[in-house]
Amino acid sequence: MKRLWVLVLAALLATPAMAQAKPKIGFLPGTVDPFYQVMEKGVRDAAKDLGLDVVVQIPATWGPTAQTPILDAMIARGDLDYLIIAPVDKEQMIAPLEAARDAGIKVITVDTFLGNGDYVSGPVTFPLSYIGSDNVEGGRIAGNALADTLGGKGKVYIQNTIAGTSTTEQRSEGFKEAIKAHSGMELVSEDYNNDDASLSTQQTAAVLQREPDLAGIFGVNVFSAQGAGQAVLNAGLGGEVQVIAFDATQFAIEQLRAGTVSLVIAQKPYDMGYMAMEFALADARGVTSLPRRVATGYAVITRDNVDNPDISRFIYRTAD
Ligand code: T6T
């Protein structure tokens, strides 16, 4: 009799119902860049550790035109239970993601958000959770650091990416709020580079020409900061015009060491990817109290702490 029960239990454990508790997950980041490469590593490591199947698709460029057809194809597969996505536009990606929800796919947003990011009482509440940085705070960190470096006075400029991107809009907002608190600081302009480093270089070069006494620049993400740093280098102004770089790429760190960049703000993309996978599995297993918002925090990197292993571990490493 006892033997029979052991056999019944073994058969139950092998049934599709138990297998369903291992969800199949799609991962659809914003585009190809070092930030999302590190996030992908977090996703893939979690998939291995948790024994989950993940389908990864990466748009070549930033924007709903590139992301929506990939999303539609992921929905059409019909085998995904969860989707971990960085929506590239907080409004335009709502309807395409509602289609995912209607097809029975549960959505977790990472890095960027839909609506205002408040999935409890905001205009969009269907995603399970939003896991990403507090980007207003990130912008404030940049603004306050630049004000400190410049002694509270001087002309500054923002290199931004694309309007409608939740994260970079919030960084710009936090930066402006911080510099407003210093009466001697003046924001001369803000340009949008379409997430393209060479456009960022061109636009920054034009501003450096137009504003010979420009004192500082905030580059709001990988390509914005990279392009701005390059323009400052090309103009031979390294160290004279201070650049604050969002995202801890190898280029940003080299420029920090060289003196062109005065501060690098590292996000935690690995954590975002890994945790989103854990959330999907937990939800599939019946966990009901997952937080609707997780702020993953920053490592703020300066020349003084760049070699401290507790800090340098957050530099984006894409080669392994
Ligand atoms: O800064 C990240 C990300 O947080 C943002 O939403 C878009 O740009 C990056 O991917 C960096 O290029």
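In the next few minutes I will walk through a predicted model, beginning with a sheet and its helices, and then turning to the cores and the aromatic rings.

Let me start with the sheet, which is open and is formed by six strands in the order β7-β6-β8-β9-β10-β12, with mixed pairing. At its edges stand β7, covering residues 184-192, and β12, covering residues 299-301, and each of these pairs on one side only. If we ignore direction, neighbouring strands of this sheet are turned by 15 degrees against each other on average. Within the sheet, strand β8, residues 214-219, runs parallel to strand β9, residues 242-246, and four bridges join the two. To find this place in the model, look for Gly216, which stands opposite Gln242 in β9.

Two helices should be mentioned together with this sheet. Helix α6, residues 135-149, lies across β6, β7, β8, β9, β10 and β12, and its direction makes an angle of about 165 degrees with β9. Helix α10, residues 250-258, lies across β9, β10 and β12, and runs at about 145 degrees to β10.

Elsewhere in the chain, strand β3, residues 82-85, pairs with β4 in the parallel sense over four bridges, and here Ile85 stands opposite Thr109 in β4. Strand β4 itself, residues 106-110, is largely enclosed by the rest of the structure, because four of its five residues are buried.

That brings me to the interior. In soluble globular proteins, nonpolar side chains tend to be buried together. In this model the largest nonpolar core has 82 residues, and those with the most contacts inside it are Leu97, Val110, Val264, Met277 and Ile301. The element that gives the most to this core is helix α11, residues 269-284, with eight residues. Apart from this core lies another one, of 18 residues, among them Ala142, Val156, Ala215 and Phe218.

Which residues does Val110 touch, if we do not count those up to four places away in sequence? They are Phe27, Met39, Ile84, Ile85, Ala86, Ile131, Met272 and Ala276.

A second residue to look at is Ala46, which lies in helix α3, residues 34-50. Is Ala46 buried or exposed? Its relative accessibility is 0%, and therefore Ala46 counts as buried. Leaving aside residues up to four places away in sequence, Ala46 touches Gly51, Tyr274 and Met277. As for its position relative to Ser133, Ala46 is 87 residues apart from that residue in sequence and 20 Å apart in space, taken from C-alpha to C-alpha.

Finally, the aromatic rings. The structure holds nine aromatic pairs, and one of them is formed by Phe35 and Tyr36, which meet edge-to-face, with 4.9 Å from centre to centre and 75 degrees between the planes. Both Phe35 and Tyr36 are buried, and together with Trp62 and Tyr316 they form one aromatic cluster.

Charged side chains also meet rings in this model. Arg101 lies over the face of Phe126, at 5.1 Å from the ring centre, while the charged end of Lys268 sits over the ring of Phe314, 4.8 Å from its centre.

If you open the model afterwards, you could begin at the open sheet of six strands, go on to the core of 82 residues, and end at the cluster of Phe35, Tyr36, Trp62 and Tyr316.

Technical notes
Residues are numbered from 1 along each chain as its sequence is written. This is a predicted model: local features need pLDDT of at least 70, side-chain atom pairs count only at pLDDT 80 or more; totals for chains, interfaces and linings use all residues. Side-chain values use heavy atoms; hydrogens and water are left out. Two strands pair if DSSP finds at least two bridges between them. Axes are lines fitted to C-alpha atoms, for helices over the stretch in contact, and angles run from 0 to 180 degrees between N-to-C directions. Contact means heavy atoms within 4.5 Å. Rings of Phe, Tyr and Trp (its six-membered ring) pair if their centres lie within 6.5 Å; planes under 30 degrees apart count as stacked, over 60 as edge-to-face and the rest as tilted. Buried means under 20% relative accessible area, exposed over 50%, partly exposed in between (1.4 Å probe, protein chains only). A charge sits over a ring if NZ of Lys or CZ of Arg is within 6 Å of the ring centre and within 35 degrees of the ring normal. A nonpolar core is a set of buried Ala, Val, Leu, Ile, Met, Phe, Trp, Tyr and Cys residues joined through side-chain atoms within 4.5 Å.
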